[in-house]
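Grab a pencil and work through these exercises with the structure open beside you. Each one sets a task, and the solution follows in steps.

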Amino acid sequence: MTLLGGDITLSNTRVHSTHLAQIIGVPDDGGFQRVNVSLKRGKIDAVTAYGQPTEGPTTDLAGRIITPTLVDCHTHLDKGHIWSRQPNPDGSFGGALNAVATDTAANWSADDLAGRMDFSLRCAYAHGTSAIRTHIDSQTPQDAISWPVFEKIRNAWAGKITLQAVCLVGIDAVRDLDSFEALARRVQAANGVLGAVTYMVPDIEALIDQIFVTAIAHGLDLDFHADETGDPDVNSLHLIALAALRHNFAGRINVGHCCSIAHQPDDTARHTLDLVAKAGLSITTLPMCNLYLQDRRHDGTTPRWRGVTLVHEMQARGINVAIASDNTRDPFYAFGDLDMVEVYRMATRILHLDHPIDQWPAAITAAPANLMGIAAPVIATGQPADMIMFRARSWTELLSRPQSDRIVLRDGVQINSTLPDYSELDALMEPPK
């Protein structure tokens, strides 16, 4: 696929209805509309129905798909790519926790973090991602190292990838009010998001309340890891929704994972989801990482469930549902490349986001942008010409191949989408001398 330079009209292209600012024609059975997209001085000058007259240079894309750039709202850039020096010994959740703790203590210097984070962002940028939210392990003393690195990286990548960060601590850390208050001040100073991993400790309700009180005091949005287990008795999502309503919380709340609800009785799950909808929570599902970790067995038997949450039931209630990468080549997930096309392809297969496709393409554009509080990438007049061009002409073509020949445009200019070589990480993977 050849792209002409300069001001040009990309004629006869398919754009999904969820990726357009307005309906232009009658969508096909995949939800695509056949349109012309005119580019001028790095912006989208016009979007018109295919068949309408165009002016100036034109290239016919023969029905190939264009999407806006993509949004990845749940990642762990600080953990990324440590697998080579600290693998998970058995693929279990406990094995991942222990491996990361070991590697953090031994290796997470400012230089190590900056090198791995930059590598990850170069991958994401080449794949066509324009916004990322990352969780930052924020236990003492790592917080004093990681947050300044993140702020430096965010500045370096400004204009290419919009970056947000969430502090990540276990909910028991909230018991130390002075320490948690200091962390909240650090997060506020960095324009970050307050977060925690919830698990069913005896005082969980009081601790969740304290998180809300702290967020309100500092004007912070919230982002939780919750219920990343198959245990049906774990239901902190329910408690988070109740707390949001009890505190009349006005900020944005995102909750990631929410796996256990898939194992709960239908009445219990429905009641929780009704509360989630009432409280206006967003949910982010992480299908690749949860497929990797959940129900992993070491007795020679096969896993019995996919480890993911109830996204169809959530969408039916109007809950904002996003899909994201989660971990990348670290003990929590041995694979991945921060490629949101891969994430969506896997999510479609794991979660059955087809028959119909419906609104699911928005789960990697508008939905994550909504919970991040940023403008959604969209194909619309006046917007930056930030988009991804594919050879594929339908969902089955798009999701059947890796799309390694995609063309990424930023401000109307094709970027160099060469991925960084893993050998660049070799020096960081060597044990300290």
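**Exercise 1. Find the strand that holds Ile-283, and decide whether Ile-283 is buried or exposed.**

Solution. Keep in mind that you're looking at a predicted model.
- Step 1: Look along strand E12, and you'll find Ile-283 there.
- Step 2: Check the relative accessible area, which is 1% for Ile-283.
- Step 3: Buried means under 20%, so Ile-283 is buried.
- Step 4: Look at what Ile-283 touches beyond four places in sequence: among them are Leu-237, Asn-254, Val-255, Cys-258 and Val-276. Further along the chain, its contacts include Thr-309, Met-314 and Ile-319.
- Step 5: For a sense of distance, pick Pro-141, which sits 142 residues from Ile-283 along the chain. Their C-alpha atoms are separated by 30 Å.

**Exercise 2. Work out how E11 is linked to E10 and to E12.**

Solution.
- Step 1: Start with E11 itself, residues 253-257, where 5 of 5 residues are buried.
- Step 2: Turn to strand E10 (residues 222-226), which pairs with E11 over 5 bridges in the parallel sense. One pair to spot is Leu-222 opposite Ile-253 of E11.
- Step 3: Follow the chain between them: E10, helix H6 (residues 236-246) and E11 form a right-handed β-α-β unit.
- Step 4: Now go to strand E12 (residues 282-285), which runs parallel to E11 and is joined to it by 3 bridges. Here Gly-256 faces Thr-284 of E12.
- Step 5: The chain path gives another right-handed β-α-β unit, made of E11, helix H7 (residues 266-279) and E12.

A bit of background: strands of a sheet pair through backbone hydrogen bonds, either parallel or antiparallel.

**Exercise 3. Which residues have a positive phi although they are not glycines, and where are they found?**

Solution. The background comes first: most residues other than glycine have a negative phi, and most peptide bonds are trans.
- Step 1: Asp-227 has a positive phi of about 55 degrees. You'll find Asp-227 in the loop between E10 and H6.
- Step 2: Its relative accessible area is 3%, so Asp-227 counts as buried.
- Step 3: Cys-258 also has a positive phi, about 55 degrees, and Cys-258 belongs to the loop between E11 and H7.
- Step 4: With 1% relative accessibility, Cys-258 is buried too.
- Step 5: Link this back to Exercise 1, where Cys-258 turned up among the residues that Ile-283 touches.

**Exercise 4. Locate the cis peptide bonds before Pro-141 and Pro-356.**

Solution.
- Step 1: Check the bond between Thr-140 and Pro-141, which is cis with omega of about 5 degrees. Pro-141 is in the loop between strand E7 (129-137) and H3.
- Step 2: Move on to His-355 and Pro-356, joined by a cis peptide bond with omega of about 10 degrees. The loop that holds Pro-356 runs between helix H10 (340-351) and helix H11 (366-372).

**Exercise 5. Decide how H3 and H4 are oriented, and what kind of residues make their contact.**

Solution.
- Step 1: Take helix H3 (residues 142-156) and helix H4 (residues 177-189), whose axes come within 11 Å and cross at roughly 10 degrees.
- Step 2: Angles under 35 degrees count as roughly parallel, so H3 and H4 are roughly parallel to each other.
- Step 3: On the H3 side, the contact is made by Asp-143, Ala-144, Trp-147, Pro-148 and Glu-151. H4 brings Leu-183, Arg-186, Val-187 and Ala-189.
- Step 4: Sort the residues of this contact, and you get 6 nonpolar, no polar and 3 charged.

**Exercise 6. Put the strands of two open sheets in order and name the edge strands.**

Solution.
- Step 1: One open sheet of 4 strands has the order E3-E2-E1-E4, with mixed pairing. Its edge strands are E3 (43-49) and E4 (58-60).
- Step 2: On average, neighbouring strands of this sheet are turned by 35 degrees against each other, direction ignored.
- Step 3: Zoom in on strand E1 (residues 8-16), which runs parallel to E4 and is joined to it by 3 bridges. Ser-11 stands opposite Asp-60 of E4.
- Step 4: Another open sheet of 4 strands follows the order E5-E14-E15-E16, and its pairing is antiparallel. E5 (66-68) and E16 (413-414) are the edges, each pairing on one side only.
- Step 5: Finish with strand E15 (residues 407-410), which pairs with E16 over 2 bridges in the antiparallel sense. Leu-409 has Gln-414 of E16 as its bridge partner.

Terms used
Residues are numbered from 1 along each chain as its sequence is written. This is a predicted model: local features need pLDDT of at least 70, side-chain atom pairs count only at pLDDT 80 or more; totals for chains, interfaces and linings use all residues. Side-chain values use heavy atoms; hydrogens and water are left out. Buried means under 20% relative accessible area, exposed over 50%, partly exposed in between (1.4 Å probe, protein chains only). Two strands pair if DSSP finds at least two bridges between them. A crossover is right-handed if, with the strands pointing away from the viewer, the path from the first strand over the helix to the second runs clockwise. Axes are lines fitted to C-alpha atoms, for helices over the stretch in contact, and angles run from 0 to 180 degrees between N-to-C directions. Angles under 35 degrees count as roughly parallel, over 145 as roughly antiparallel, 65 to 115 as roughly perpendicular and the rest as oblique. Contact means heavy atoms within 4.5 Å. Ala, Val, Leu, Ile, Met, Phe, Trp, Tyr, Cys and Pro count as nonpolar, Asp, Glu, Lys and Arg as charged, and the others, Gly among them, as polar.
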